[in-house]
Amino acid sequence: MLWWPTPSKIRAMVSVSSTMLALGTPAPDFALPEVTGRLRRLDDFAGAKALVVAFLSNHCPYVRHIAAKLGEVATELADRGVAVVGIASNDTDTYPDDRPEQMARIAAESGWRFPCLIDADQQVAIAFRAACTPDFYVFDSERRLAYRGQFDDSRPANTMPVTGADLLAAATEVCNGEKVSASQRPSLGCNIKWRPGNSPDYF
């Protein structure tokens, strides 16, 4: 059974915000295995109108808070020609709830039909300057960063509905060839659990 904190523990947790990678940044290259073992590369998503990359964690309450809606939004985006990929970068030695088999379980429970990749050495997270889970990035058809930040305004400890509005709006604008507003709010979530010696210098 996966760990799930009480509301009081959620409020007591230390939260981390997105680093807000510079808009226009080319999508960092990656070649990572899915939870099934299949290797997936950035080039596999060529031809999509947009690419959404989501850094996720199985045990993070912020991810679990949006998990079901993320599945719905990702399916809606896929129907519009948007590719979605999830990446799990947490240290699974220290946090065994983030092992690939648990990711596969959460994906199935939450209706995630997108590939979930395992960034075991955390180099992809560092290349993206990822900081928290969830952390979202939207790249246009030329794989330039058009959006980074939150899913929506909802958090585990507030009463805002989970809609995925911010991510959905940005991806829709990219699909329509529209410029995404540069006024973007950072995501907030659990910090990525870095392996010893891997903690990046961008905090």
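This report describes two sheets in a predicted model and how their strands pair.

## The five-stranded sheet

One sheet has five strands. Their order is E6-E5-E4-E8-E9. The sheet is open, and its pairing is mixed. At the edges stand E6, residues 116-118, and E9, residues 145-149. Each of these two strands has a single partner strand, so one side of each is left without a neighbour in the sheet. On average, neighbouring strands here are turned by 20° against each other, with direction ignored.

## Where E5 meets E6

Strand E5 covers residues 82-88. E5 and E6 run parallel, and three bridges join them. Which residue of E6 is the bridge partner of Gly86? That partner is Cys116.

## The three-stranded sheet

Another open sheet is built from three strands, in the order E1-E10-E7. Its pairing is antiparallel. The edge strands are E1, residues 16-17, and E7, residues 132-133. Both E1 and E7 pair on one side only.

Strand E10 spans residues 188-191. E10 pairs with E1 over two bridges, in the antiparallel sense. Ser17 stands opposite Leu188, a residue of E10.

## A helix on the sheet

Helix H2 runs over residues 61-79 and packs on the three-stranded sheet. Which strands does H2 touch? The helix touches E7 and E10. The direction of H2 makes about 130° with that of E10.

Technical notes
Residues are numbered from 1 along each chain as its sequence is written. This is a predicted model: local features need pLDDT of at least 70, side-chain atom pairs count only at pLDDT 80 or more; totals for chains, interfaces and linings use all residues. Side-chain values use heavy atoms; hydrogens and water are left out. Two strands pair if DSSP finds at least two bridges between them. Helices (H or I, at least four residues) and strands (E, at least two) are DSSP runs, numbered from the N terminus. Axes are lines fitted to C-alpha atoms, for helices over the stretch in contact, and angles run from 0 to 180 degrees between N-to-C directions. Contact means heavy atoms within 4.5 Å.
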